[in-house]
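Trainee: I should like to learn how to read this structure. Where shall we begin?

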Amino acid sequence: MDSRADRSAIDHVIETVEKMGLKATAIPGAQRVAIGITGNRGTVDPAGLENLPGVLEVIPVSAPYKLVSREVQPESSRVRIGAVEIGGDRLVVAAGPCAVESEQQTIEAARAVAAAGAALLRGGAFKPRTSPYSFQGLGLEGLKILAKAREETGLPVVTEVLDTETAETVAEYADCLQIGARNMQNFSLLKKVGKLGRPVLLKRGMAATIEEFLLSAEYVLAEGNRQVILCERGVRTFADHTRNTLDLSSIPAVQRISHLPILADPSHGTGKRHKVIPLSRAAIAVGADGLLIEVHPRPEAALSDGPQALLPSQFADLMNQIRALSIVMGRSV
Ligand code: PEP
Ligand code: MN
C-alpha cells in the first residue's frame with residue numbers, strides 16, 4: 001500500500017481480496033503496510049486490485065512460502081516473548097535443562113542461567129524421546145515447576161509442545177511454545193499453535209531442507225500467528241564425531257529469504273559438551289539472533305541429554321564470550 005493509504009483504504013483492499021475467496025493479511029512495515037494474499041492456487045489477476053485507492057503495486061511472490069518471505073515483508077521481524085525481544089539488536093540466549101526433572105533441579109538451573117545473563121528459561125515438561133522407555137518428562141507437574149522458576153527468576157519460559165492434545169495446557173503455562181525437530185512437519189500441531197497465538201519457537205527437522213523449514217513456519221503464520229522464531233539445531237549426516245551436524249550456513253540462507261528471527265542450538269547440534277561453546281561462538285559470528293543452550297547443575301545425573309549439558313560455570317563463561325563477540329557483531333547481550 002502507498003505510505004499515505006489510510007485505514008479505510010487498507011480495509012477496502014482486504015474486503016476485496018476476501019470477496020475473491022482469498023485470504024488477506026495486513027503486514028505493517030516501517031514505511032507502509034503490505035497486504036499478503038494467500039489461498040490462491042494459481043496466479044491472481046492483479047487487474048482487480050491495482051486500481052483500488054491506496055494500492056501502490058501488486059507484486060507476485062514467486063517463492064512457495066509467502067508470509068515468511070522478505071518479498072512480502074522486507075524488514076526483519078522482532079518477536080516478543082514476555083518483555084524479551086528477539087530479532088532486534090540484542091542477542092537473546094534461552095538456557096536451562098533439557099528436561100524438567102524436579103523443582104530443585106529446575107530452580108537451581110534457572111537461577112544459574114539468570115545470574116549469568118540468559119534472557120529466557122528453557123526446559124521440557126513433555127519430552128520427545130526416541131525410546132518409549134526413556135524419561136518422558138513430568139508433564140503438567142513440569143509445567144507448574146517452570147511457572148515457579150519463572151516467578152523466582154523473572155525469566156519467560158520456553159517449553160516444548162508435543163501434541164495437539166496437550167497444546168492448550170502447555171500454552172496456559174508457557175510464554176513460548178517450542179515445536180521440536182521431530183514435530184517440524186506435524187501439520188496439525190503447526191496449525192494448532194498458529195491458532196493459540198503464543199510465540200512459537202520452531203526447530204528445524206533433522207532432515208529438513210530450508211524450503212521445508214520455511215513452509216512449516218508458513219503454516220503458523222497462515223493461521224494468523226506471526227510470532228515465530230526459527231531455530232537451527234543440526235541435521236543428520238554421516239559425521240560420527242558429533243550428534244548432529246550444526247548447519248550454520250542455514251542461518252544466512254534463511255535470513256536472506258525470510259524476515260523471521262533465527263536462533264542456533266549448539267547443544268543438540270553437537271551433542272557434546274566440549275563443542276557447545278566453540279559452536280556457540282560460530283553461530284553468533286554467522287549472524288544468529290541468539291542461542292538455545294542446555295545447562296544442568298549435575299549433568300552426570302541428568303535424565304536426558306546429560307552429555308551435551310553445560311555446567312552453570314561453563315554457561316557463565318559462554319555468556320562472557322558472547323558479550324565480547326557481540327561488540328564485534330554490533331549487537332548487545
Ligand atoms: C530439546 O530442545 O530439548 C529438543 C528435544 O530438541 P530437538 O527437537 O531439536 O531435538
Ligand atoms: Mn535436549
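Mentor: We begin with a term: a residue is near a molecule or strand if one of its heavy atoms lies within 4 Å of it. Here, 13 residues surround ligand 1, and the closest are Arg-122, Lys-127, Gln-178, Ala-181 and Arg-233. This is a predicted model, in which local features need pLDDT of at least 70 and side-chain atom pairs count only at pLDDT 80 or more, while totals for chains, interfaces and linings use all residues. Residues are numbered from 1 along each chain as its sequence is written, chains are lettered from A and ligands numbered from 1 in the order in which they are written, and side-chain values use heavy atoms, with hydrogens and water left out.

Trainee: Which side chains have a polar atom beside an oxygen atom of ligand 1?

Mentor: A polar contact is a pair of N or O atoms within 3.5 Å; within protein, one must be able to donate a hydrogen and the other to accept it, and residues adjacent in sequence count only if both atoms are side-chain atoms. For ligand 1, an oxygen atom is 2.7 Å from a side-chain N or O atom of Arg-233. The corresponding distance is 2.9 Å for Arg-182 and 3.3 Å for Glu-294. On its own, ligand 1 has 300 Å² of accessible area, of which the protein covers 97%; such areas come from the Shrake-Rupley method with a 1.4 Å probe, and for residues only the protein chains shown count as cover.

Trainee: What are the protein donors of the manganese ion, ligand 2?

Mentor: Donors are N, O and S atoms within 2.8 Å of the metal (3.2 Å for Na, K and Ca); water is not among the atoms, so sites may look incomplete. In this model the manganese ion (ligand 2) has as protein donors Cys-98 (SG), His-268 (NE2), Glu-294 (OE) and Asp-305 (OD), at 2.0 to 2.4 Å. Their spacing in sequence is C-x169-H-x25-E-x10-D. Distant parts of the chain are thereby linked: Cys-98 belongs to the loop between strand S5 (92–96) and helix H3 (103–116), and Glu-294 to strand S12 (residues 290–294), 196 residues apart. Helices (H or I, at least four residues) and strands (E, at least two) are DSSP runs, numbered from the N terminus.

Trainee: Are Cys-98 and Glu-294 buried or exposed?

Mentor: Buried means under 20% relative accessible area, exposed over 50%, and partly exposed in between (1.4 Å probe, protein chains only). Cys-98 is buried because its relative accessible area is 5%, and Glu-294 is buried at 1%.

Trainee: What is the phi of Asp-305?

Mentor: Most residues other than glycine have a negative phi. Asp-305, although not a glycine, has a positive phi of about 55 degrees. This donor lies in the loop between S12 and H11 and counts as buried, at 18% relative accessibility.

Trainee: Where is Leu-303 found?

Mentor: Leu-303 is in the loop between S12 and helix H11 (312–328). Its relative accessibility is 42%, so Leu-303 counts as partly exposed. Leu-303 and Gln-136 are 167 residues apart in sequence, while their C-alpha atoms are 9.4 Å apart in space.

Trainee: What does the side chain of Thr-16 reach?

Mentor: The side chain of Thr-16 reaches the backbone oxygen of His-12, at 2.7 Å. Thr-16 is in helix H1 (residues 7–19) and counts as buried at 19% relative accessibility.
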